[in-house]
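Hello,

Here is the structure I promised to hand over. Please have a look at it first; my notes follow below.

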Amino acid sequence: MGWGTEPEAAEGRPLPWSNDEWNVAAALCATQLPLMWLAWWFFVGAGQDDHGRGGGAFGVLCLPLVLPLLGVVHSSAQIMPAATLARLLPCRSGPEWARHVVASVLVGAGWAVLGHLVWGWSPRDTVPWFAGAGILPVLFLAPLRRRAWGGWSVWLRSAGACFVLSVAGGLAVAALADEYEPPALSDGQLAGEWRGDHGAVLRLAPGGRAGLTRVPSRPDFGTYRDYTRCSGTGTWTRNLSGDREGVVVRLDGDCGEETSWTIGGSERSPELFALFGDPDAGDLLFLTRN
């Protein structure tokens, strides 16, 4: 079944896509992901606070470990359903690859809309990425199928390309990174009410006293929770953790341990944040000025 032909079943309906076509599409989707990550970093992530989650510029080097799985998911959710849609479109003018590109963009936009309806994702932020992610795999699918790359051959080439792109992306981010600078807040700017989710309120008084209402705190030693919520009174002092400033809150009672809140955000919209639990997968909680 060639890409430039219109595969037809005996009754005149388009045939579904083949396993070889799906395999090549999955490898192409995996190959483009380092490029997508690099594009995201330049347009969205550059200069943003990583909130202490780590990884750094070379976190992209971990991508090859999960790229094949992500490529299979992407191909199965967007590229190949779009191929079927392209062969079912009533308008048959023009090459099939062009209809496939259009269908892939529509399917990607559909997933973005679903994300908005179910999880509240912003269509303005997600539609361009979801739609654009389906263009390059479709454009490269036709010539690669004509080369008869299939099975492990296409995946070996994909692995090599992913490695090169991941290393190049990591080096580019390291060289061009725009370092995030947290706001420099005085004691007077820190004083006041800081609010978080679930009714959390942290009141920092100018004299060093603190009042807490359902504020997340480090759990007592021996417990298995990432954090506990405490109410009461305590004290606060400035502290320096590495090159980041913040405040340490200590409670007068026996609820939780002292908790360090790091200063983040911007001069106009400062925030305090704390990472509870695993540094890579823990709960990142925020307090913002009232």
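Let me start with one residue pair: Leu275 stands opposite Leu284, which is in strand 8. One caution before going further: this is a predicted model.

**The strands**

Strand 7 covers residues 270-276 and strand 8 covers residues 283-289. The two pair in the antiparallel sense, over six bridges. Another contact between them is Leu272, whose bridge partner in strand 8 is Leu287.

Strand 7 also pairs with strand 6. That pairing is antiparallel too, and has four bridges. A hairpin of four residues joins strand 6 to strand 7. Here Gly264 has Glu271 of strand 7 as its bridge partner.

How many residues of strand 7 are buried? Seven of its seven. Pro270, Leu272, Ala274 and Phe276 point one way from the strand. Glu271, Phe273 and Leu275 point the other way. Residues on both sides are buried.

Strand 8 has a further partner in strand 1 (residues 192-195). They pair in the antiparallel sense over two bridges. Arg195 is part of this: its bridge partner in strand 8 is Thr288.

**The salt bridges**

A search of the whole structure finds ten salt bridges. Here are some of them.

Arg195 turns up again. Its side chain meets that of Glu193 in a salt bridge, 2.9 Å from N to O. Arg195 counts as partly exposed because its relative accessibility is 35%. Glu193 is partly exposed as well, at 24% relative accessible area.

Next, Asp197 and Arg229. Their side chains meet in a salt bridge of 3.2 Å, N to O. Asp197 lies in the loop between strand 1 and strand 2 (201-204), while Arg229 lies in strand 4 (residues 228-241), so the pair ties together parts that are 32 residues apart in sequence. Asp197 has a relative accessible area of 40%, so it is partly exposed.

Then Arg209 and Asp252. Their closest N and O atoms are 2.7 Å apart, and the two form a salt bridge. Arg209 sits in strand 3 (residues 209-217). Asp252 sits in the loop between strand 5 (244-251) and strand 6 (259-265). This pair therefore ties together parts that are 43 residues apart in sequence. Both ends are partly exposed: Arg209 has a relative accessible area of 40%, and Asp252 has 48%.

There is also a network. Salt bridges that share partners join Glu21, Arg87 and Glu96.

**The surface**

Which residues make the nonpolar surface patch of about 740 Å²? They are Trp111, Val113, Leu114, Leu117, Val118, Trp119 and Trp121. Leu114 is placed in helix 3 (residues 96-119). It counts as partly exposed because its relative accessibility is 35%.

Is Phe163 buried or exposed? Phe163 is exposed, because its relative accessible area is 53% and the cut-off for exposed is over 50%. Phe163 lies in helix 6 (residues 151-176). Its C-alpha atom is separated from that of Thr31 by 9.1 Å. Along the chain, Phe163 and Thr31 are 132 residues apart.

**Where to look**

If you want a route through the model, begin at strand 7, with its seven buried residues. Then go to strand 8 and its two bridges with strand 1. From there, Arg195 leads to the salt bridge with Glu193. Finish at the nonpolar patch that includes Leu114.

Best wishes

Technical notes:
Residues numbered from 1 in each chain as written. Predicted model: local features only at pLDDT ≥ 70, side-chain atom pairs only at ≥ 80, totals over all residues. Heavy atoms only, no water. Patch = residues over 30% accessible without salt bridge, like charges linked within 9 Å, V, L, I, M, F, W, Y side chains within 5 Å. Areas by Shrake-Rupley, 256 points an atom, 1.4 Å probe, with all protein chains shown as cover. Salt bridge = Lys/Arg side-chain N within 4 Å of Asp/Glu carboxyl O. Buried < 20%, exposed > 50% of the residue type's maximum accessible area, 1.4 Å probe, protein only. Pairing = 2+ DSSP bridges.
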